[in-house]
Structure formats: C-alpha cells, structure tokens
Amino acid sequence: MSQPINNFKLGLFTLGGLALLVAGLLAFGARAYFQATSSYETYIGGDVTGLTVGSAVELRGVNVGKVTRIDFSWTEYEVTDPSYIVVQFEMRNDIAPGSPGAAQDQLLQGAIKRGLRARVKAKGITGTSVLSLEYVDPVENPPVQVPWTPKYTYIPSAPGEFVELLAAVQKVLHNVQSLDFAALNEHVQYDLKSAGNVLDKAGQLDFGSLSTNANALLTDVRGSNDKLKVLLQDTDGTVNKLQLQKLTQDLDTLTTQLQDTVNRLEPGVANIDFNALNQTLVNARQTIQDLDDTLAQLKQYPSGFLFGKPPLPIKGVEPSGKQ
C-alpha cells in the first residue's frame, strides 16, 4: 500500500531547486540584466572584422558592457556622406563616480578631451574582437565631425590595431617600391671595386721598409726630444742669470725717483715768466749777432779796430800799384 505524499516536503524541495537555479543564473552573469546601464555609440571608418552584437566592451581591459547594434551610417541615419559603421553599445552606470546625469556626462566629456577613444581590438587568436575604450593622443586622433545628431552619447573612435598594422605594411611596401635597385647595385659594385683596389695596394706595400723608416723616425723624434730638453734647461739658466726680479725692483726705484723729481720741478716751472724769458733770449740773440759783426771787422781791419779809422788819401796821389 503506497504512502501518502508529503506536500510540505515537496514544496520545500521545489523552493530549493528554484533557489539553486537563481543562484546559478546570477553566478553565470544573469545579474548583468538587472544592472542599470547607459547607451553610447561610436563611428568606425575602417573594418570591424570580428566584432558582433554581444561582443564585450572593455575599459582599459575591464569588461564594462557589450555591443548592442552594428549597422551602416546610411542605414541608421539615411546619410550617404560621410560613410561610417555605427556601433552602438551599453555600459554599466557604476563605472563612473556619482549618479547618472549631468555630472557623469561632464566627466565623460573631460575624458574625451584627454584622449578617450573607442577602437576595435582583436581578442587572442580566435578571430573575435572587442570594443576597447583606451586613451590615445587626442591631437593625432581628433573626433570625426558628422552631419547628423547622434541618438546616444557619442564617444569618438580611433583606428584599430589591424588597420594601423595594414597602414604600416602598406607604407613599408611603398618605400620598397620606390627604391632604385639598379642604382643601388651599381653603388655596391663600385664600393666593392674600391675596396678591392685598396686591398691590392695594401698587398703591394713593403712593410719591412715601412717598419725601418718608422723606427728611424722614432729615433729622430727621441733625439729631438733630448735636444729640446737641453734647450729648455739652458733657457732656464739664462733667465735665472738675467735676475729679472732684481731688474724689476731697480726699475720701480728709478720710477719713484723720477716721480719725486717731477713733483719738485712743477712749482718752479709754474712761477717762470715765459714772456720775460723770451725777451731775454731775443736780446741775447741780438748781442751775439753784434759780437759776430765785431769779430768780422776785427779780422778784416785789426789796426783800424784798435787805432781808429785810416787817414783820408791825398788828392792827386794815387797809390802805387802792385809790382
């Protein structure tokens, strides 16, 4: 005979199963559906390979949300130019301090000015990608200007790692294509030929004679060095014999004596009557001139100078001529 069913135990078992189910759902991320979120969007100009709806949104490597929609700009806003891929995503409100509102918007705009950008980033080698929010150089990555009004809060984008890698590869290939391999080959051959000529000339050198000449040169240098030392010693002896220090002291003494003599002469020179001295010199010069005339007369007529003038000649008597 079967036992009656215990409804209390059955209900308790059912409640326990539901509790375990709820705990499992919360443990595996179902609680994210109960967290307050905000919606954002960005515009990607390149490729978004690997990014799908539901892909994670990471802020500096931390999962803070997920991608909710991916579409073209001409479909989302019915504008064909410019053309971008519109990526809409949501993030938890608790990642920013304060409650949602003007304060958080102001913090977000400040972060955008400092370089906060959204970029598609590959996740490992599985081919999947995430939307990563990172800080980059705001000058090299300015926000794009669009003619439409965003539906959600706009966060500018930056080129993804794959796009940057392709750009770098293309730049390298362009530089390789611009190389003139023919001219480069000619330069290499010319350099190799020059190097061969140098090696040939080096093989023709007589290193034995070169070593002998070098030894002779070193011997001459040593001899010149010894002669220079002797010359310096003789020069030092000559300088010591000159007794320049004593000569300097004697010159200082002579200079002092001359200065004293000048100081003594200055008062006397100041009291001289140069006008009277000039007149005296003029008189002395006249006297010397008169004395010279007198001496000339004395030489010509010594008797007349001593005894007076000669008597006047008698008329009719002519002096006798020279025999």
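A residue counts as buried here when its relative accessible area is under 20%, as exposed when it is over 50%, and as partly exposed in between. Keep that in mind as we walk through this predicted model, starting with a glutamate. Glu58 has a relative accessibility of 10%, so Glu58 counts as buried.

Burial does not leave Glu58 without a charged partner: Glu58 forms a salt bridge with Lys123, and their closest N and O atoms are 3.1 Å apart. This pair links distant parts of the chain, since Glu58 sits in strand E2 (residues 56–59) while Lys123 sits in the loop between E5 and strand E6 (129–135), 65 residues apart. Lys123 has a relative accessibility of 41%, which means that Lys123 counts as partly exposed. The general idea is a familiar one: side chains of opposite charge can pair when their charged atoms come close.

Let us stay with strand E2 and look at its neighbours. On one side of the pairing list is strand E3 (residues 62–72), which runs antiparallel to E2 and is joined to it by 4 bridges. If you would like a place to look, find Ala56, which stands opposite Lys66 in E3. The hairpin of E2 and E3 has 2 residues between the strands, and in this hairpin Arg60 takes a positive phi near 55 degrees. E2 also pairs with E6, but here the strands run parallel, with 3 bridges joining them. In this pairing, Val57 stands opposite Leu131 in E6. As a general point to carry along the strands, side chains in a regular strand alternate between the two faces of the sheet.

Strand E6 brings us to another charged pair. Arg119 forms a salt bridge with Glu134, with 3.3 Å between the closest N and O atoms. Arg119 lies in strand E5 and Glu134 in strand E6, so this salt bridge ties together parts that are 15 residues apart in sequence. How accessible are the two partners? Arg119 has a relative accessibility of 10% and therefore counts as buried. Glu134, at 18% relative accessibility, counts as buried too. The side chains of Arg119 and Glu134 also make a polar contact, at 3.3 Å. To find Arg119 in the model, follow strand E5, which spans residues 116–122.

For a pair in another setting, turn to Asp94 and Arg92. Asp94 forms a salt bridge with Arg92, and the closest N and O atoms are 3.0 Å apart. Asp94 has a relative accessible area of 54%, so Asp94 is exposed. Arg92 has a relative accessible area of 23% and is therefore partly exposed.

How many salt bridges are there by the rule that a side-chain nitrogen of Lys or Arg lies within 4 Å of a carboxyl oxygen of Asp or Glu? The count comes to 7. Among them is the bridge of Glu58 with Lys123 described above.

Finally, let us leave the charges for a nonpolar feature. Leu15, Leu18 and Leu21 form a nonpolar patch on the surface, and together they have about 310 Å² of accessible area. You can locate Leu15 in helix H1, which covers residues 7–27. Is Leu15 buried or exposed? Leu15 has a relative accessibility of 57%, so Leu15 counts as exposed.

How values were computed. Residues numbered from 1 in each chain as written. Predicted model: local features only at pLDDT ≥ 70, side-chain atom pairs only at ≥ 80, totals over all residues. Heavy atoms only, no water. Polar contact = N/O pair within 3.5 Å; in protein donor to acceptor, adjacent residues only side chain to side chain. Buried < 20%, exposed > 50% of the residue type's maximum accessible area, 1.4 Å probe, protein only. Pairing = 2+ DSSP bridges. Patch = residues over 30% accessible without salt bridge, like charges linked within 9 Å, V, L, I, M, F, W, Y side chains within 5 Å. Areas by Shrake-Rupley, 256 points an atom, 1.4 Å probe, with all protein chains shown as cover.
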